[in-house]
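Ready for a bit of practice? Take a look at the structure first, then try each exercise before you read its solution.

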Amino acid sequence: MAIIENETLALPSGDDPAVERPLGVFTRPRNQTGLKNWLTTVDHKKIGIMYGSAAMFFLLIGGLAALLIRIQLATPNNTFLSADAYNRIFTMHGTVMVFLVVMPIGAAFANYLMPLQVGARDVAFPRINAFSFWVFLAGGLMLNTSWFLGGGADGGWFNYAPNNGIIYSPSTGIDFWNMGLMIAGIGSLTGAVNLITTVLNMRAPGMTLMRMPVFVWMTLVTQFLLLFAIPVLTVAQVLLLMDRNFGASFFDVKLGADPLLWQHLFWIFGHPEVYLMILPAFGIVSEVIPAFARKPLFGYPFMVFSGIAIGFMGWGVWAHHMFVSGLGPLTVSGFAFATMFIAVPTGVKVLNWLATLWGGRLTLNTAMLFSIGLVTQFTIGGLSGVSHAIAPWDTQQTDTYYIVAHFHYVLFGGALFGFIAGFYFWWPKVFGYKLNEAHGKFNFWGMVLGFNLTFGPMHILGLQGMPRRMYAYDDAMGFNTWNMVATIGSFILAISTLWVLVNAFISYNRWKAAGRPDPGPDPWDARTLEWSVQSPTPEHNFDYTPVVTDLDDFWHRKFVEDENHRLKRVATGAELAQPGNAEGVHLPAPSYWPIVLAFSLPVIGYGVIFTLWLTIPGIVLMMVALFGWALEPADDPDVEGHHDGDDHEPEGSDGDDHELVGASS
Amino acid sequence: MAETTLETAVADGGLGHSSDHGDHPTETAYWQVFAILAVLTAVEVLWSYLPLDGVALVVPLLAMMVVKFVLVAGWFMHLKYDLSIINGNVFTILFSFGLVTAVLVYIVMIAAFDFQI
Amino acid sequence: MTDLADDPVDAAAEPDAMKEPQEVVAAEAGAHSEHPETSLGLSNMKLAMWLFLGSECLLFGALISTFLLSKARFLSELVVGNPDVIEGLLPAEQVQTMADAGVRGTLSDLPYIFQEMAEVGSVEPIFDIPFTSFSSFVLLMSSLCMVLAHKATVDGDYKNQRIWLGATALLGSIFVGGQIYEFTAFYREGLTFGGSLFGSAFYTLTGFHGIHVTGGILMLVSLLILSFRGKLRSDRAETVELVGLYWHFVDIVWVLIFTIVYLIP
C-alpha cells in the first residue's frame, strides 16, 4: 500500500488540470534515471537487464548451495551437513538453478534482443512485460525466504508424491516451493504470451518468418513451450497445495490415489522445461558462431525446423523420466522410441554448427570459445542422454550420479556456456564496453577445467553405483577419490564462473579510465539488426523502422558478392548504423502498477501458508492494482505526442490477470 | 481503437468500425446457433437417461459435446470468420496448438495408467 | 500498444529515403486486414487472448484428466469396500465412535447415496442432472447475451449494449449461485472435499471453473461501469470482444465438464 500512497505524493506541482484524467489514474512516474525509474520502467531493455541481474543474484545462492553439497560429499561419512540440511540444500539448489537462474537468463536475452532483432520498438505489451519480471522476482524471493522461515523444500526439485505430502514433509519448505514457483510461473506465462505476440505481430516490414534470426526462432519455440508447459505444473502444484493446505486427498494412497499422477504431470511440464532451458542457448550460439566464422549459418532452414521439431517432440517423451516407476512394457517401449527420435533434430543442430565452423575464418575470442564449448560439452551430455533412451540401460543408471553428470553437461556445459557466450557477445551492445579478452580466456579455460573435473567423474561414480540425493557414503564403497576430484573441480568452477562478474567489473573500470571509448555500433562486424543501432542501445531502439529484404539483412547491406562469388565490403557497420538521435519518439509510459500487482501475490502466498487472514490485504492490494492498471491508459495523458483512443490494452490485461490470479489464489 | 485508421474510417463511412466486423454473423444467426446449442444440450441430457451403456451411450454424447464446442468457438468466438481474414487462420492455429497438445498429451497420460503394472 | 509501429511523431522523424519501401510493404500487408500496422494484420490483444486461451486448454485438460483418474480410482476402491475410502466419506465423530468400538467402516455405514454408487459402480447417483442441465442452459444463454452485447457495441447501440452486458453478468451470477447451492447439497450428502479422491477432484475441477466464471463476472461488471460512464463506445468494441472471447471459452469448458463429469457415468 505504501507505494500507492507514494503516488499521490508524487503529483508534480506543474500538473495541468486541463488534461482529462481517466478514473482513478495517478500521475505516471516520469523519472529517467534512478531507482524509481528502474522500478517503474516498461522498457524491454531495462527489463532484460533486470532479468539478468536477478538471475545472477540467484546464481550466487544456487552456486553457494552447490558448494555446500560438494563440501559435504568431499569425504566419506562427512558430518558437515545434517541429512535434513542436505535434503533442503540440494532441493533448493536444483529449484533455484532451474527456475531462477537458467530460465530468467533465457528471458533476459529474449527480452533485450528479440525486439531489436525483429526491428520493433518494444514488446507488444510493455507493462505486462514489466509485470512478468516483477512477478518472477517476487516468486523467486518468496521461495528463498523459506531459508529463514522454517527451512527450504526438501523433496528434490521434482518433489515426488507422496513424499511431498504433509506427512512426509511436515515443515513449510514445500509450501514455499509450491507458492513461490506458482507465482513465478504466472510471470513466465504472461511473458510467453507477450513475447509470442511480439515475434508474430511486431516484426519490421519485410521481416518474414524465414528471415528472422535463429535466436528469435528459438525464443518463439521456447515461449510456446512455456505457454503450454507452465499450466501443467500449475495444476500439479494446485493439487499439492490443496492436499497440503486444504486437506484434499489427491495423493493419499490410503484412499486409493495413484502418486504416479504427480510424476506424469510434473514431467509433462518437466520435459518441455528442459528444452526451453537449452533452446535460448542454442539460439545464442547460432548467432555467435556465424559472426566469428565469417560465414552465414549453415542450413538456416534446418536450424529453424529442427528447433520447431524439438519443441513438438519435447511433448512426447516425458515418461522417460519414469522408466523405473512401473509404467509397464508398452509405455516404456513407446517413450524409449520417442526419446531416441528426439536426438535427431538435436543432432542436426550440432552438425550444422560444425558445418558453419568448417572452412570459416575463425576468430577464437571468448564468445566464440564459449560457443564451441557449448557444442562440445552439450554433445557429451546429449550422448549420455541418448543412452538413457535405452530403457534397460536407464534402469541401471536411474537415481545415480550418472544422471547428475548427464543433466549438468546439458544444462551447465550447454545452457550456461551458451549464455556466457551471449554475455561476451552482446555486452558492448548492452553496456557500451567490451569485456576484457584476457580475463575472458581465463574465465573460459577455468570453467572448462572446473566443469569437467566436477561433472566428468560423476559419470564414473554413477556407473560405480553411487546414488543421487544421499547425504553421505561409506568409506569402503570406493567413491572417495572421484568425489574429492569433483569437489576440487567445483571450487575451480565456482571461481571461474564468478570471473564473468569480476571481468565485467575490471573491464568497466578500465573503460572508464580510458575515457569511455565508444565501442561502435557494430564491434564484431555481425549480421543482425541489433548491431545497426548505437551501443548502448538508445532508449527508443530505432530512429526509424528498418526495412528488411533478406535473411541477415544487416550483413547483406555491408557486403555484396562480386561476379566471382567473392564477398566485397561496400560499407562498414558504423556507416550504416542509425545515428540514434531521433527526438520526440513516442514511447510507452512507465507505470507503478506492474510492480504493485506483482508484489501483492506473495502476500497472498504467505497468507495461504501461515494464516488465511493475510490473504485479505493481499487480495485487496491485488484488486486495487488490477483496477489501477486497467483504468490507466497505455499512454500518459500528460506526455506530448499522446493520441487518444488506442489504450485498449487495459481491459484485456485485466482479464488475463484475473485469470492468473484465479489460478494462484 | 488503433485500427480506426484513415482507410478503414473512409471505408466505413466514418463510423469508426474496423473493416472485418461487417463479416460477423447477424443477430438472427446468433439466435439460431443458440437454438441449436440448447437443443443439443436437451438431446444430450435425454440421451444420458436412455437405457444404454458403453459405446452407444458415450460416443454420441462426446460427438454432441464436440459439435457444441465447434459451434461456440466458430460462431460466438468468431473463429469461422478467422478463415476469411487475409492473413488466414492465425487465431485458429494458435488455439489449436494448445487444444491438440492438451488432447494428445492427456490421452496418452490416461492411457499410460491403463498399461501400468 | 499498436501505436509503437506507426506513430505520427515517429513517421515525421523518418528520413525520406526510408519511406517508400515501408509504404509499399504496409500497403501489401494491410490491404484487407483490420490492423494494417502489425505484421499479421491482426490485433495484438486478440492474438494474446487466443494464446492465453490455448494455454488454458492445458490447464483444464490437466484438471479434467485428474478428475477422470481420481473418479476411476475412487469407484474401484469404493466397490471393493476399502474401509479407508468408506471412512473418508463418514463424519469424523462416527469414525471415532467406530474406532472406539474397535470396528472399521463398511459399505452399510455409508449414506444411502454412496451405497448406491458402490452398487452401480458409478458416481451418477449423486448428481442432480435436471438442476445441472438448467445451469448449463443458463451459461449457454449468457454466451448468447455476450455476443449480442458485442454486436450492440459494434452497432453503437448503447442501450442494448448495457442490457446484454447486464444480462450476461446476471446469468453468470445465477450459474455461480447454482454451483454454490450444488456444492452445499453435495456436502450435506456426505461428499467432503478431503474425504475422498472423488470429492477432491470434483470440487477442484468445478471450483476452478467457478473461479474463472467469477473473474469473468468481475470483468463484465467493469465493462458495465465503463459503459455507464460513456467510455465503452463502438471504437472500443474490441474490449468487449476480448472479454467475450474469455467468457465463451469458460462456457466451452463447461460444455466439456457437463458432458464428461456429469453425463458420462
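Here are three exercises with worked solutions, all on a predicted model.

**Exercise 1.** Find out which helix holds Val235(A), and decide whether Val235(A) is buried or exposed.

Solution. Start with the helix: Val235(A) sits in α7 of chain A, which covers residues 214–246. Next, count neighbours: 24 other C-beta atoms lie within 10 Å of Val235(A). The cut-off for buried is 20 or more, so Val235(A) counts as buried. Now look at who is there. Skipping neighbours within four places in sequence, Val235(A) touches Leu265(A), plus Leu59(C), Ala62(C) and Leu63(C) from chain C. Finally, try a distance: Ala110(A) is 125 residues away along the chain, and its C-alpha atom is 26 Å from that of Val235(A).

**Exercise 2.** Do the same for Gly440(A): is it buried or exposed, and which residues is it in contact with, leaving aside those within four places in sequence?

Solution. First, place it: Gly440(A) belongs to helix α14 of chain A, residues 437–464. Then count: with 24 other C-beta atoms within 10 Å, Gly440(A) is buried. Its contacts beyond four places in sequence are Thr366(A), Tyr424(A), Leu435(A) and Asn503(A). As for distance, the C-alpha atoms of Gly440(A) and Tyr606(A) are 42 Å apart, with their positions 166 residues apart along the chain.

**Exercise 3.** How many helices and strands does chain B have?

Solution. Walk along the sequence and you read α-α-α-α-α. That gives five helices and zero strands. To round off the picture, 33% of chain B's 117 residues count as buried. And of its contacts between residues at least 6 apart in sequence, 45% link residues at least 24 apart.

How values were computed:
Residues are numbered from 1 along each chain as its sequence is written. Chains are lettered from A and ligands numbered from 1 in the order in which they are written. This is a predicted model: local features need pLDDT of at least 70, side-chain atom pairs count only at pLDDT 80 or more; totals for chains, interfaces and linings use all residues. Helices (H or I, at least four residues) and strands (E, at least two) are DSSP runs, numbered from the N terminus. A residue is buried if 20 or more other C-beta atoms lie within 10 Å of its own, exposed if 12 or fewer, and partly exposed in between; C-beta atoms are placed from the backbone. Two residues are in contact if their C-beta atoms, placed from the backbone, lie within 7 Å.
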